[in-house]
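User: I am new to reading structures. Can we go through this one together, with the reasoning behind each label?

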Amino acid sequence: MPPAGIWIDGLAQSCTYMTMAFGMVLVFSILGILNWAHGQFYMLGSILLYYAITAAGIPFPAGLLLAGLGMALLGIIVKVVIIDRVEGELYVGAATLALIFFFEGLASLLFGMQDRGLSMVLPGVLEMGGLSVSYQKVAVIVFTLVVMVVMYYVLHFTRMGKAIRAVSQNPDAASLYGISVERLSLVVMGIGCALAAMAGGIMAPVYPVNPFIGRAPMIMALLAIVIGGLGSLSGAIVGGLILGFLHSVIAYYLSYLAEVVLFVLVIIILLVKPQGLFGASIK
Amino acid sequence: MKKQKFNFTILMVVFMFLAVSAVFTTTAFAEEPTVIKIGNISPLSGPAGPWGQAPMPGYDAFIAAMNKEGVVVNGKKYVFKLISVDDQNSPEGGARAAKRLIYEEKVKFILGHWSWNFPSVAAVTNPAKVILMTRTGNEAVPGGAYTPKKMPYTVFGTPSHERFISSIFALVKAYPDYSKVGISDSTLGKGIGWDYVDRELAKAGIRFHHEWYPPGTQDFTPYITRFKEAGCDIVFGGGDVMAAMLILKQRWEMGYKDWKIGTAGAMLDPKMYIGVSGMEASQGFISQYDANWNFKKTIVNPKYVKMCQTVQKMASDAIGKPYNYTGWIEWVPAHLQILVQAMQKANTVDDTAAIMKAIRGGTFDTVSGKYTMSGKKTYGAAVVFGNPGVMSQIKGDKEVYFSESPWTPIP
Amino acid sequence: MMQFFKTIHLMDYKNIVPKLVIGLVVAAIVLLPVVTKDVVILSMLIFSGLWAVAAMGFTLVLRTGQFSLGQSAFMAIGGYTCAILTVQMDFPFWPSFLLSGIISGLVAFLLGVVVLRVGGIYFSIITLALGEIVRIIALNWESVTRGSRGLVTSSPLPISIFGWELANFDASPVPYFYFMLCLVAITGVVFWRIGDSRLGQIFAGVALNPELAEHQGIHLMKYRIIAFTIAGVFTGYAGALYTHFLTVITPMVFGLWQSIQAMIMSIVGGISSLVGGPIIGGVLLYGLGDRLSRLQTPGLSQMVFGATVVLVLICLPKGTGLVELWDKFWKKVVWREVEYEHDEMED
C-alpha cells in the first residue's frame, strides 16, 4: 500500500485530467469533433493568468475567471473563423492540429520560451498529522469539485444544460424542438475552452508556465476520455480518476516504467472494452 | 555612464562598418581584417530553446571583444562572425543546420552540438573537412558514437558525466555528514555514461541511490517518496532544469525542507527557480557554475578573467539590462581560443587538416584554464579535459560561488 | 492552332495534356541532380519524399476507415531494424534494408490482428499508445538501441560495375536521392495499383459504410489488416532509408509529433488520391517547414507553419485537399469548362 501522500498526489493529478477531459467530451458531444488544440487553451489560460497576476496585479480567483472568459472568447473565435469554415471531421482535425503549432509559436514569440512560475500564489503547506499537502494542490482539488458541481447543476437543472444533453443525444430531434444547435455549439465550445483555460490557470502555481505545457495534459485527457468511453461525461471523470491514480501509484512502485505500463493498460482496457468503460451515451 | 554607452555605440558602428567593408572589399587591402565565419548549431526554438538563446548575448559580446583587436594569423588580420542556426533540438534539424552552414554559408568551423545530435552533424561535417567543436565529449567516451578514423575533424568538450562526478565530489565535500545522495535523471540520459558514474562514485566510497523518471515528468511526488524511502537527503539531478525546479518545489511541499537539491549544468536564471519553486524552497539550490573569475582553486590566466568581466558588461549594455547568465563561458569562448591559437600555430585559416594537426596534443590557454589536448593518447583525437566541477548556490535572489572539486579524468 | 486542338481532341486531349505535364514534372525531378548537386536542396527533397511515403501509408490505412496515430512507429521499427542489423550484428546493408520493411510489416500484421477490430477514435488512441510504447522501448533498451544516444549507421558500400563507380553513398546525396525516388516510385505504383484494383474499391467500401460492407460479405478485418500491413511495410522502408541518410536513429526521431506531421501532410495533400495527395502534401509541407526554419525569431516559424496550414484548409474547397486543385485547375482555368455548380457556391 503506497503512503497517503501518493494517493493525494494522484487525486490532484486526476483533477487536471478530469477538467480537461470533461471540456473535450463536452465539445465532442455537441460539435462531433475532437479539438486537438484543447491543450493549447490550457497553456494560453495559464499564460493569461500569469500576466493577469504579475503585470496587472489581479487577484488569483479573479484572474482565473478572466483566463476562463478570455479563452472562451478565443474558443468561440476559433469555432467561427476556423472550425465552421472547414468541412469534414478529418479536415477540422487537421486544422486544429495545425493550431497547436500556431498557438505554441505565438506563445513563444510573445511570452518567451523560458519557464516562469507563480509560486507566490497560495504559498504554504497544509500539515495534517505527518502528512503535508500544499495549498496549491488543495486549491486544485477544491476547484475541480466546484467545477464538477457547477457543471452537474448546469447540465441537469438549467434550460441550456438540458438542451446540451438533448443535442448530444439526438441533434435532429433536438432541433425539431426549437433548439438552435448552431448557437448551442458556440456556447459549448466556449465552456470547453474555458474549462481547459481554468485547468491551466489552477495548475499554473503548481507547475512551471511555458508555451509547451499544453501537450502532456492534452494527451492524458485524450486517454482519459477514451478509457471512459467517448461521448460520456461520467466516463471522462472516471477515466481521469483512473489515469491520475494509476500514474502516481505505478510510478511509486515501478518508477520510470510507469509510463509504459500506463500505455499498455490503456491498450488492454480498450481491447477488453472496445467502446471504453462507459459506452457512448451521455448520462 | 551615458558617455560610455555613447562610445560603445560609436565603436559598434565602426566595427560594423569595418565588417561590412571587409565583406565587400575581400582581399584588396592586406591591412583590412578578413571575416572568418564560424557556424553555431543550437536549439533556438521549442522547449529546449531557452538553452540555445541564453548564452547568445555572451557569445556576441565575446566575439565583439575578440574582434576589437582582431586575430593575427601569418601576418594578416582576421575578425570572426558567428552564424547561429536553429536545429530544433533534433538530429534531423542538426544535420539540416550543418548542411546549410557548410554548403550555403561556406563555413569551415562549426561549434556545437548537444550530444544526441552529434552523430548526424558529424556525418555532415567530416566528409566536408569542416572542424566540428562539440559542446560535450559524451560521445568520446569508450562505447560512444565517435570513431576516430571516420571523424578526424572533431574536437570534443568535457564529457558531462565527468563534470557530474566532480560535482558530486564537490557536493559531498561541502556536506560531509550527508546520509545518501539521490541521483535523478530522465531516461534520456541512460547509458554507458551513468555506468561509469556509478563505478567512480562507488570507488570513492560515496553513498548514493539512482532514480530514473520518464522525460517530461512534472509530478515528482512518487520519485521523492522513493528517494525518502532509500534514505537520501541530497538530490542531485542530471541537468534537467524543469525536473530540478519541480523536485525543489515538491520536496518542500512534502515537508523534506532540509534536503539539499541541485542539478548538473549551469543555472539559467535564479529568478526562474524562485518564480517556479518559491523563494523559501529555492534557497540553497545548487548548480554548476561557469563564471570562472573567482574560482578558489582553479588557475585561469588573469588576462582572461578580466576579459570575461568586460564581456559580461558589454553583453549587459547590448541587451539593456543586467546579463547575469554565465553559462556562455562554458564552451564557445574556450573553443574559439583553441581554434585561434591552433590557427596561429598552423599559420593558416583555411587549411582545416593543418589546424586539426595543431589542435591534437597542443597546449592552449583559454578562459576555462590551460589545457593540453589529449591527442592520440586517449581516443585518437583531440579531447578537452580539465573543466573543474565548480558549484554555485542560490542565496536570496542571487547566484553565488559555493564550492569546487578538482577533476578526475578518465584514465 | 485550332486544327491542332481538334486532332488532339480525338485522342481525348483533356486527359492527355495534364498527364503529359505530370510526366514532364516527374522527368524534371528525376533529372534534377544533373542540373544541381546542391546538398541542401537534395537533402530537403530526400526527407520530404520519405515523409510522403509515410503519408501514403497513413492514407491507405485511412482508406479502410481507420485513423492511425502511430504511423511513425513503423518508421521507427524499420529504422531500428536496419540499424540494429547493420550496427549491432554487422549484417551487410542490402539484406538488412530488405528485412527492415518485412519486419515492420510483420509487426503491423501481428498488431493489426489484435487491435484492428477496435474502430474509430479507439483505434487511433491504441496506435498512439503503441507509438509511444515503441519510443519508450527504444529509449530504455540501451543494450540494443543505445537509448537516447541512438544507433549510428554507416552508408551502404559504393556500388560499382566493372570498376566503374555507379553510386558512392558517402560522397554526395545523389545516390540517396535516386534511392528515395525508387522507394517513392515503387510505393506509388503499388498503392496506385491497389487504388485501381478491386481491393481498392473494397477499401473504399469498407470506409464508406462498414456495416453495409460487412453485410455484403466483405470481411472487414481481413481488408483492414491487408491495408495496415502494406502501409507498415513501406513506412518501414522509408524509416530505414531515413535512418541511413541521417546516419543516426534515436527515440526522438520518430514520435507522436512525427505521426501528426505525416497525418497533416496526408490530409492537406488530399486523401482522395493514394499517391498524388501524400506526395504533394509531403513535398510542400516539408519544404515549407524547411524554409521556415530559417527564420531567426524563435516561435515565428511554428506560428507561420500553423497559420499556413489552417489558411490552406479554410481556402480549399470543402472537404478536399491540394490534389483536387489539379483537376480543378485544368477544368476551370485551362479548359474553362462550364459545369453545373453544386450547392457549394451557396456560402
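User: How many residues of chain A are in contact with chain C?

Analyst: This is a predicted model, and in it 35 residues of chain A are in contact with 32 residues of chain C. Contact here is about distance: the C-beta atoms of two residues must lie within 7 Å.

User: Which element gives the most to the side of chain A that touches chain C?

Analyst: Helix α4(A) does, with 15 residues. Among the elements that supply at least two residues there are also α9 (215–228) and α11 (258–272) of chain A.

User: How do the residues of that side of chain A divide by class?

Analyst: There are 27 nonpolar, four polar and four charged residues on the side of chain A that touches chain C.

User: What does the side of chain B that touches chain A have, by class?

Analyst: That side has 13 nonpolar, eleven polar and five charged residues. Here 29 residues of chain B are in contact with 26 residues of chain A. The elements of chain B giving two or more residues include β8 (208–213) and α9 (241–253).

User: Why are α6(A) and α8(A) called roughly perpendicular?

Analyst: Look at the angle. Helix α6 (residues 159–169) and helix α8 (residues 181–203) of chain A pack at about 105°, with their axes 11 Å apart. Angles of 65 to 115 degrees count as roughly perpendicular. The value falls in that range, so the label applies to α6(A) and α8(A).

User: Which residues make that contact?

Analyst: From α6(A) come Met160(A), Ala163(A), Ile164(A) and Val167(A). From α8(A) come Val181(A), Leu184(A), Val187(A) and Val188(A). By class, the contact has eight nonpolar residues, no polar and no charged.

User: Now a single residue. Is Ser68(C) buried or exposed, and how do you know?

Analyst: Count its neighbours. Ser68(C) has 30 other C-beta atoms within 10 Å. The cut-off for buried is 20 or more. The count of 30 meets that cut-off, so Ser68(C) is buried.

User: Where is Ser68(C) in the chain, and what is it in contact with?

Analyst: Ser68(C) sits in the loop between α4 (39–63) and α5 (71–88) of chain C. Leaving aside neighbours within four places in sequence, Ser68(C) is in contact with Phe58(C), Val61(C), Ser124(C) and Thr127(C).

User: What about chain C as a whole: how many helices and strands are there?

Analyst: Chain C has 16 helices and four strands. Of its 347 residues, 50% are buried. Take the contacts in chain C between residues at least 6 apart in sequence: 76% of these join residues at least 24 apart.

Methods. Residues numbered from 1 in each chain as written. Chains lettered and ligands numbered in written order. Predicted model: local features only at pLDDT ≥ 70, side-chain atom pairs only at ≥ 80, totals over all residues. Axes fitted to C-alpha atoms, helices over the stretch in contact; angles between N-to-C directions. Nonpolar A, V, L, I, M, F, W, Y, C, P; charged D, E, K, R; others polar. Buried ≥ 20, exposed ≤ 12 C-beta atoms within 10 Å, placed from the backbone.
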